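Work through the exercises below with the sequence and the 3D view side by side, and try each task before you read its solution.

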Amino acid sequence: MLCVRAPGRVNLIGEHTDYNEGYVLPVAISLETRVHARPREDMHCIIYSDTLDEQAEFNLSAIPEPADLPSGFVRYVAGVAWALQAHTERTLTGVEATVCSDLPLGAGLSSSAALEAAFAVLWNTLDELHLDRLTLAQLCQRAEHVYAGVQCGLMDQAASLLSEAGHALFLDMRTLFTQSVALPPNWAIVVADTGKPRALAESEYNLRRAQCEEAAGALRIVLGKEIIALRDVSPEQAALYLPLVEEPARRRARHVIGENARVLEFLTALRHADAPRVRHLMLASHTSLRDDYEVSGAELDAMVNACLHAGAIGARITGAGFGGACIALVEKAQLEQFLHQAEQHYRQHASYEPRFYACEAVSGASVCL
Ligand code: GLA
């Protein structure tokens, strides 16, 4: 029997920047998915989700097309198997596996990336594939593109596979340079789930991505072919040339360009545990996601307000948006009082059932000992 764990993530800052070849700063959190697996003699996979009480099967010798699989968790698992087999040109070992998770589904904490990462590490170990973590993350992303139909960036899979305990993970999505950044030891990470399930997340997400590409294309005509992605546009160029781009692509681009600059500033602020600066940057990020990227909503805004009201250092949407959770940074000494006050305040302003999780920053997916 082999057991693998893979964490979910929150993103401190750098939202919707990854697929624009920009910067992100996620943290792997102590809400995790676990897979217990027994290898089989044949190439058959029987996967049971304890969380959903659902079972599904497929065979590795002929992995079904996504449309021929039931929607839901098995698509991610089959997708990972498909991506690993295509990359290694090998057939993997069949497994009988049970999946359990304390990651809330649909809260924007990357439960799907955690599921993918767990199975990627499982087969990497079982079949001695010797693939490095970055390659595993890229193959998980490919699985998500093809088997879940979401044109996601690499942030979630990378956070689940590459993170170091006690640290955030800075990633430059163009060069794939990564660096672990220590978190101030007296700051707590709080996931504040609005209780509002994410809605239209897939179609709206893919639409945002297309709008960013449209903006980059329009700016390339003006600024030349060195503009490959929005990452290449400076805030100064944006001020001058964004008015030439049509709405809503203009506002989408303004968010991405501003957000990339905020990530770099946030790195310095975090290293100095500069609470006022961190607060300013998180709020600027939230406002930009709300007004320019249009991925917030009444509940997410209410939750950010509740967290600030309760004394958070900073708070903002985390993940794709359209419902789901916020991230708040809180002084550890004030944690209990914060949790109480934030919950009360949110309940007064929203009708969904909130959930708060004070999380540790944990290491990326691993085989359990
Ligand atoms: C989802 C995607 C990520 C990233 C975020 C937004 O979580 O999977 O790749 O784009 O949204 O920052």
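The exercises that follow concern a predicted model, and they move from strands to aromatic rings, then to the ligand and to unusual backbone angles.

**Exercise 1. Strand β1 and its partners**

Find out which strands pair with β1, and decide whether the residues of β1 are buried or exposed.

*Solution.* Begin with strand β3 (residues 26-39), which is joined to β1 by nine bridges and runs antiparallel to it. To locate this pairing in the view, look for Cys3, which has His36 of β3 opposite it. Next turn to strand β13 (residues 366-367), which pairs with β1 in the antiparallel sense over two bridges; here Arg5 stands opposite Ser366 of β13. As a reminder of what such pairing involves, strands of a sheet are held to each other through backbone hydrogen bonds, in either a parallel or an antiparallel arrangement. Finally, consider the surroundings of β1: 10 of its 10 residues are buried, so the strand is largely enclosed by the rest of the structure.

**Exercise 2. An open sheet of four strands**

Give the order of the strands in the open four-stranded sheet, and explain why one side of each edge strand has no neighbour.

*Solution.* Reading across the sheet, the order is β10-β11-β9-β12, and the pairing is antiparallel. The edges are formed by β10 (314-317) and β12 (355-359), each of which has a single partner strand, so one side of each remains without a neighbour in the sheet. If direction is ignored, neighbouring strands of this sheet are turned by 20° against each other on average. For a closer look at one pairing, take β12 together with strand β9 (residues 187-193): they are antiparallel and share five bridges, and the residue of β12 that serves as bridge partner to Ile189 is Cys359.

**Exercise 3. Aromatic pairs**

State how many aromatic pairs there are, and work out why the pair of Tyr19 and Tyr205 is classed as edge-to-face.

*Solution.* The first step is the count, which comes to five aromatic pairs when ring centres must lie within 6.5 Å. The second step is to examine Tyr19 and Tyr205, whose ring centres are 5.3 Å apart and whose planes make an angle of 65°; the pair is therefore edge-to-face, given that the class requires an angle over 60 degrees. The third step is to ask where these residues sit: Tyr19 belongs to the loop between β1 (2-11) and β2 (23-24), while Tyr205 belongs to helix α5 (residues 201-223), so the pair ties together parts that are 186 residues apart in sequence. Both are buried, Tyr19 with a relative accessible area of 8% and Tyr205 with one of 9%.

Now apply the reasoning to Phe170 and Phe177, whose centres are 6.3 Å apart with the planes at 65°, so that this pair, too, is edge-to-face. Their accessibilities should be read separately, since Phe170 counts as buried at 7%, whereas Phe177 counts as partly exposed at 43%. Together with Tyr23, Phe170 and Phe177 form one aromatic cluster.

**Exercise 4. Around the ligand**

Which residues surround the ligand, and how much of its area does the protein bury?

*Solution.* Start with the surroundings, which include Arg9, Glu15, His16, Asp18, Tyr19, Cys152, Asp156 and Tyr205. Then look at the distances from oxygen atoms of the ligand: a polar side-chain atom of Glu15 lies 2.7 Å from one, an N or O atom in the side chain of Asp156 is 2.6 Å from one, and for the side chain of Tyr205 the distance is 2.6 Å. To finish, note that the ligand taken alone exposes 310 Å², of which the protein buries 94%.

**Exercise 5. Unusual backbone angles**

Most residues other than glycine have a negative phi, and most peptide bonds are trans. Locate His16, Glu128 and the bond between Glu247 and Pro248, and describe what sets each apart.

*Solution.* His16 is not a glycine, yet its phi is positive, about 60°; it lies in the loop between β1 and β2 and is buried, at 5% relative accessibility. Glu128 also has a positive phi, near 45°, and is found in the loop between α2 (111-126) and α3 (133-148), where it counts as exposed at 55%. The peptide bond that joins Glu247 and Pro248 is cis, with omega about 0°, and Pro248 has its place in the loop between α6 (235-241) and α7 (249-271).

Note on methods. Residues are numbered from 1 along each chain as its sequence is written. This is a predicted model: local features need pLDDT of at least 70, side-chain atom pairs count only at pLDDT 80 or more; totals for chains, interfaces and linings use all residues. Side-chain values use heavy atoms; hydrogens and water are left out. Rings of Phe, Tyr and Trp (its six-membered ring) pair if their centres lie within 6.5 Å; planes under 30 degrees apart count as stacked, over 60 as edge-to-face and the rest as tilted. Buried means under 20% relative accessible area, exposed over 50%, partly exposed in between (1.4 Å probe, protein chains only). Two strands pair if DSSP finds at least two bridges between them. Axes are lines fitted to C-alpha atoms, for helices over the stretch in contact, and angles run from 0 to 180 degrees between N-to-C directions. A residue is near a molecule or strand if one of its heavy atoms lies within 4 Å of it. A polar contact is a pair of N or O atoms within 3.5 Å; within protein, one must be able to donate a hydrogen and the other to accept it, and residues adjacent in sequence count only if both atoms are side-chain atoms. Accessible areas come from the Shrake-Rupley method with a 1.4 Å probe; for residues, only the protein chains shown count as cover.
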